[in-house]
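Q: Please show me how to read a few features of a structure, taking each as a general idea and then as a case.

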Amino acid sequence: MALPVSVELQGKRILCVGLVCLDVIVVCKSYPEEDTDQRCLAHRWQQGGNAANNCTVLKQLGVSCEYLGTMSTDYGGLFLKKCFIDNHIEIKNCVYYEEKECPTSYVLINAQNGSRTILHSNNNLPELNCEEFKKINLKEYNWIHFQGRNVGEICKMIQHIQNWNENHPADIIIVSVELEKARTSLRELLDKADLVFIEKDFVKLFGIEKMETAVQELSQMAHPGSILICPWGDLGACAYDRDGKLVFSPAYPPSKLVDTLGAGDTFVAACIMGLRNGQSVEEAVILGCKLAGAKCGLEGYSSLANVYEKIKDSEHK
């Protein structure tokens with residue numbers, strides 16, 4: 001199914017399916033050498049995980065959204081649950097596990113250049129499965145976004161949505177998926193969605209070194225009429241729209257790099273919001289690059305709403 005020009009909002013939510021984890025962030029004067037000791041500049045706990053971050057950004061941008069995934073009930077899990085509640089993000093359909101550990105990422109942020117180095121641990125928390133997904137009421141959503149993870153189960157979930165769409169033409173749900181990691185299994189998701197985000201690490205599985213080549217070549221493997229969007233860091237992003245037109249956006253770097261953690265998740269969320277609100281693919285990609293660039297100059301996400309308002313004001317002048 002091709003992505004329509006616009007999606008009637010009808011008070012429905014965007015659902016993001018994937019991972020939430022605890023980010024333990026340490027800000028360093030410089031990236032530490034092995035077997036050395038230095039005092040950090042700051043540290044904090046923060047909610048992380050691509051799908052959870054997508055929700056955080058969407059909510060900052062004024063979009064009603066919901067996170068769906070598995071969560072633990074340990075101390076880290078309770079912290080993450082509180083973050084969702086504090087940010088007014090719906091989590092009513094999440095699946096909780098006792099005696100399982102909260103996935104945790106240890107993030108070193110280099111204060112000199114804003115780079116982030118991540119060490120991730122996920123010991124025993126199960127992934128969401130299709131039977132759990134089928135318990136939600138699809139009528140509440142008009143867009144469902146998947147973080148590319150447990151491929152077999154996601155394929156079943158998308159098929160469940162396609163069955164719904166066939167039987168409910170007045171309540172069509174748009175499906176998007178993010179293919180980020182260099183995992184060959186993710187190739188199976190290329191032709192399953194209306195909108196596919198292909199990230200640099202995934203693209204390099206195919207021996208591709210340029211974003212233009214990525215969207216041109218991988219569009220042949222995607223579902224006919226789908227949209228491919230490829231962000232490429234400081235080179236900006238490009239996309240193939242529904243008509244096979246190649247569109248570009250430059251990067252919009254901040255005056256000073258502060259915190260690049262979550263810039264990619266910001267880009268994805270902004271593109272989804274733009275397309276859902278009726279923007280063209282090019283307009284949505286430009287918005288994604290502007291907000292992702294602004295995010296790199298901010299600590300966390302709390303000021304993105306102000307940035308978005310300034311972008312809208314500048315466009316209306």
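**Reading one residue, one helix and one cavity**

Q: Which residues does aspartate 259 touch, not counting residues up to four places away in sequence?

A: This is a predicted model. Leaving out residues up to four places away in sequence, aspartate 259 touches Arg44, Ile109, Gly114, Lys295, Cys296, Leu298, Glu299 and Gly300. With arginine 44 there is a side-chain polar contact of 3.1 Å.

Q: Where does aspartate 259 lie, and is this residue buried or exposed?

A: Aspartate 259 sits in the loop between β14 (246–249) and α7 (263–276). Buried means under 20% relative accessible area. Aspartate 259 has a relative accessible area of 2%, so it is buried.

Q: How does one read the buried residues of a helix?

A: An α-helix has 3.6 residues a turn, so residues three or four places apart point the same way. In helix α6 (residues 211–218), the buried residues are Met211, Ala214, Val215 and Leu218. These cover an arc of only 90° around the axis, which means they are on the same side of α6.

Q: What covers the buried residues of α6?

A: The cover includes β11 (195–198), α5 (200–203), β12 (227–231), β13 (237–240) and β14.

Q: How many cavities of 30 Å³ or more are there, and what lines the largest cavity?

A: A cavity is a space where a probe fits but cannot get out. The count here is 1 cavity of 30 Å³ or more. The largest cavity holds about 130 Å³ of space. It is lined by 17 residues, of which Gly18, Leu19, Glu127, Leu128 and Arg149 are the closest to its centre. The lining residues divide into 9 nonpolar, 6 polar and 2 charged. At least two lining residues come from each of β9 (141–147) and α4 (151–167).

Technical notes
Residues are numbered from 1 along each chain as its sequence is written. This is a predicted model: local features need pLDDT of at least 70, side-chain atom pairs count only at pLDDT 80 or more; totals for chains, interfaces and linings use all residues. Side-chain values use heavy atoms; hydrogens and water are left out. Helices (H or I, at least four residues) and strands (E, at least two) are DSSP runs, numbered from the N terminus. Buried means under 20% relative accessible area, exposed over 50%, partly exposed in between (1.4 Å probe, protein chains only). A polar contact is a pair of N or O atoms within 3.5 Å; within protein, one must be able to donate a hydrogen and the other to accept it, and residues adjacent in sequence count only if both atoms are side-chain atoms. Contact means heavy atoms within 4.5 Å. The arc is that of the directions from the helix axis to the C-beta atoms. On a 1 Å grid over the protein atoms alone, a cavity is a set of points where a 1.4 Å probe fits but cannot get out, and a pocket is an open set with protein on both sides within 12 Å along at least five of seven lines; lining residues have an atom within 4 Å of a point. Grid points are joined across faces, edges and corners, and a volume is the space filled by probe spheres set on the points. Ala, Val, Leu, Ile, Met, Phe, Trp, Tyr, Cys and Pro count as nonpolar, Asp, Glu, Lys and Arg as charged, and the others, Gly among them, as polar.
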